[in-house]
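Have your viewer ready and a selection box open. We will go from stop to stop, and at each one I will tell you what to pick and what you should find there.

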Amino acid sequence: MDFWDEVYASRPVATDPRPNARLAELVAGLPPGDVLDLGCGEGGDALWLAGQGWRVTATDISAVAVERLTALAGDRVTAVRHDLGVSFPDGTFDLICAHYLHTPFDLDRAAVLRAAAHALRRDGRLLVVDHGSTMPWSWNQDPDVHHPSPVEVAAEIDLDPATWTVERADALTRIATGPDGSTAEVTDNVLVIHRAP
Ligand SMILES: C[S@@+](CC[C@H](N)C(=O)[O-])C[C@H]1O[C@@H](n2cnc3c(N)ncnc32)[C@H](O)[C@@H]1O
């Protein structure tokens, strides 16, 4: 079994996966339309977005995650398996979210996020939330890990400023709770890219 399938298969099935902390504040005020969630995992964000009236496509490399989300969401979410290093979901979207699209394997994230920017409709937005610090309970405790800033991520995506503008590039802290119930201050790197109307 592949790494990400192992990750999800080793956990009990989530019956009520929760959305990420930053999602609601980032999506507030946007009129619901078509949204794509990249690296959706157990689908907490996808289900929350569906509950807010968005038509949701969610994708992940893990067949286990995609099957679990399909079983939980029914027709509220279209969950499809993609290795984003190889293929990208069809269609165009008003909003594309990528929360913590991190992996220990080679993935040209800049190319994935560039493809996402191109899959935005006019006036659409790409939300990228990355870890800006290492959580004490993270699988990656490499002390030399570099957490690229949102400005660095935007530079790597390298979009034409005539069509796409950076609306937000912030490092935000919050208190997070780990799987064992312990808490720690963590940093989220938030990037919002807007496609011109
Ligand atoms: C750190 S988890 C975040 C999951 C979810 N977005 C969340 O915030 O809970 C990273 C996710 O990216 C997915 N992923 C990793 N590499 C991928 C790839 N090449 N294509 C698609 N999804 C990938 C993993 O399966 C995993 O669900």
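Start with the ligand and select the protein around it: the shell holds 17 residues, and the closest are Tyr8, Asn20, Gly39, Asp60 and Leu84. Keep in mind as you look that this is a predicted model. If you colour the shell by residue class, you should get 8 nonpolar, 7 polar and 2 charged residues.

Now show the backbone atoms of Gly39. One of them, an N or O atom, lies 2.6 Å from a nitrogen atom of the ligand. Move on to Leu84, where a polar backbone atom is 2.9 Å from a ligand nitrogen. His82 also belongs on this stop: a backbone N or O atom of His82 lies 3.4 Å from a nitrogen atom of the ligand. How much of the ligand's surface does the protein bury? Taken alone, the ligand exposes 590 Å², and 87% of that is buried by the protein.

Next, select Arg22 and show its side chain. Which residues does Arg22 pair with in salt bridges? One is Glu25, with the closest N and O atoms 3.5 Å apart. Another is Asp188, at 2.8 Å from N to O. The bridge between Arg22 and Asp188 joins distant parts of the chain, 166 residues apart: Arg22 sits in the loop between helix 1 (3-9) and helix 2 (23-27), while Asp188 is in strand 7 (residues 183-195).

Try colouring these three by accessibility. Arg22 counts as buried because its relative accessibility is 8%. Asp188 is buried too, with a relative accessible area of 0%. Glu25, at 39% relative accessibility, counts as partly exposed. Add Arg174 to the selection and you have a network of salt bridges linking Arg22, Glu25, Arg174 and Asp188.

For another salt bridge, select Arg125 and Glu167, whose closest N and O atoms are 2.9 Å apart. This pair also links distant parts of the chain, with Arg125 in strand 5 and Glu167 in strand 6 (residues 164-177), 42 residues apart. Is Arg125 buried or exposed? It counts as buried, because its relative accessibility is 18%. Its partner Glu167 counts as partly exposed, at 40%. If you would like to look for others, the count for the model comes to 11 salt bridges.

Stay with strand 5 for a moment and pick Asp123, which is found in that strand. Check its backbone torsions: Asp123 has a positive phi of about 70° although it is not a glycine. Asp123 counts as partly exposed, with 41% relative accessibility.

Then jump to Tyr100, in the loop between strand 4 (93-99) and helix 5 (109-118). Here phi is near 55°, again a positive value in a residue other than glycine. Tyr100 is buried, at 16% relative accessible area.

For the last stop, switch on the molecular surface and select Phe3, Phe105 and Trp139. Together they form a nonpolar surface patch with about 320 Å² of accessible area. Where along the chain is Trp139? Follow the loop between strand 5 (120-131) and helix 6 (150-157) and you will find it there. Trp139 counts as partly exposed, because its relative accessibility is 47%.

Note on methods: Residues are numbered from 1 along each chain as its sequence is written. This is a predicted model: local features need pLDDT of at least 70, side-chain atom pairs count only at pLDDT 80 or more; totals for chains, interfaces and linings use all residues. Side-chain values use heavy atoms; hydrogens and water are left out. A residue is near a molecule or strand if one of its heavy atoms lies within 4 Å of it. A polar contact is a pair of N or O atoms within 3.5 Å; within protein, one must be able to donate a hydrogen and the other to accept it, and residues adjacent in sequence count only if both atoms are side-chain atoms. Accessible areas come from the Shrake-Rupley method with a 1.4 Å probe; for residues, only the protein chains shown count as cover. Ala, Val, Leu, Ile, Met, Phe, Trp, Tyr, Cys and Pro count as nonpolar, Asp, Glu, Lys and Arg as charged, and the others, Gly among them, as polar. Patches are made of residues with over 30% relative accessible area and no salt bridge: like charges are joined within 9 Å, nonpolar side chains (Val, Leu, Ile, Met, Phe, Trp, Tyr) within 5 Å. A salt bridge is a side-chain nitrogen of Lys or Arg within 4 Å of a carboxyl oxygen of Asp or Glu. Helices (H or I, at least four residues) and strands (E, at least two) are DSSP runs, numbered from the N terminus. Buried means under 20% relative accessible area, exposed over 50%, partly exposed in between (1.4 Å probe, protein chains only).
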